[in-house]
Amino acid sequence: MTAMTPPSRSPVVRTIAMPADTNPAGDIFGGWLMAHMDLAAGNVATRHARGRAATVAVEAMSFLSPVLVGDEVSFYGDVVSSGRTSMRIHIEAWRRAREGDDMVKVTEATFTFVAIDDDRRPRPLPQTAQ
């Protein structure tokens, strides 16, 4: 496992992997990572849409490195494209051992969101967001 350089900006979400987030073998659940990635992508989507947005798809995830109990996990996100009502957001997850400084990319995926109104129906993105 080689340390890489994470994005230079601040993460969208940062958390610590805890014992309750593990499977019976003691490894962090992939679903825990995906849920946090969805939270991070939702944060980016809500800001971009200037309001509510719903997840409609997730492109393939590959788990590149394990997350261990106690690791700090940072989630970085960017809008990669947007249309009339939808947007694609790329999320990268990076881990750092509590005692160290090296960060390792754990996984990445692209999430598709649709801006929604109060009735949960698709609505146009603001002109500035497109």
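Student: What makes the pairing of the Thr107 side chain with the backbone oxygen of Ser62 a polar contact?

Tutor: In this predicted model, the side chain of Thr107 comes to 2.8 Å from that backbone oxygen. The cut-off for a pair of N or O atoms is 3.5 Å, so the pair counts as a polar contact.

Student: Where does Thr107 lie?

Tutor: Thr107 belongs to strand β5, which covers residues 103–115.

Student: Why is Thr107 called buried?

Tutor: Its relative accessibility is 0%. Buried means under 20%, and therefore Thr107 qualifies.

Student: Which residues is Thr107 in contact with, leaving aside neighbours within four places in sequence?

Tutor: They are Met37, Met61, Ser62, Phe63, Leu64, Ile91, Glu92 and Ala93. Ser62, listed here, also supplies the backbone oxygen reached by the Thr107 side chain.

Student: How do you know that Arg50 is exposed?

Tutor: Arg50 has a relative accessible area of 60%. The term exposed requires over 50%, so Arg50 meets it. Arg50 sits in the loop between α1 (30–49) and β2 (53–58).

Student: What is notable about the phi of Arg50?

Tutor: The phi of Arg50 is positive, about 55°, although the residue is not a glycine. Most residues other than glycine have a negative phi.

Student: Which segment holds Arg120, and what is its phi?

Tutor: Arg120 is in the segment after β5. Its phi is near 65°, again a positive value in a residue other than glycine.

Student: Why is Arg120 called exposed?

Tutor: The relative accessible area of Arg120 is 59%. That is over 50%, so Arg120 counts as exposed.

Definitions and conventions: Residues numbered from 1 in each chain as written. Predicted model: local features only at pLDDT ≥ 70, side-chain atom pairs only at ≥ 80, totals over all residues. Heavy atoms only, no water. Helix = DSSP H or I, 4+ residues; strand = E, 2+ residues; numbered from the N terminus. Buried < 20%, exposed > 50% of the residue type's maximum accessible area, 1.4 Å probe, protein only. Polar contact = N/O pair within 3.5 Å; in protein donor to acceptor, adjacent residues only side chain to side chain. Contact = heavy atoms within 4.5 Å.
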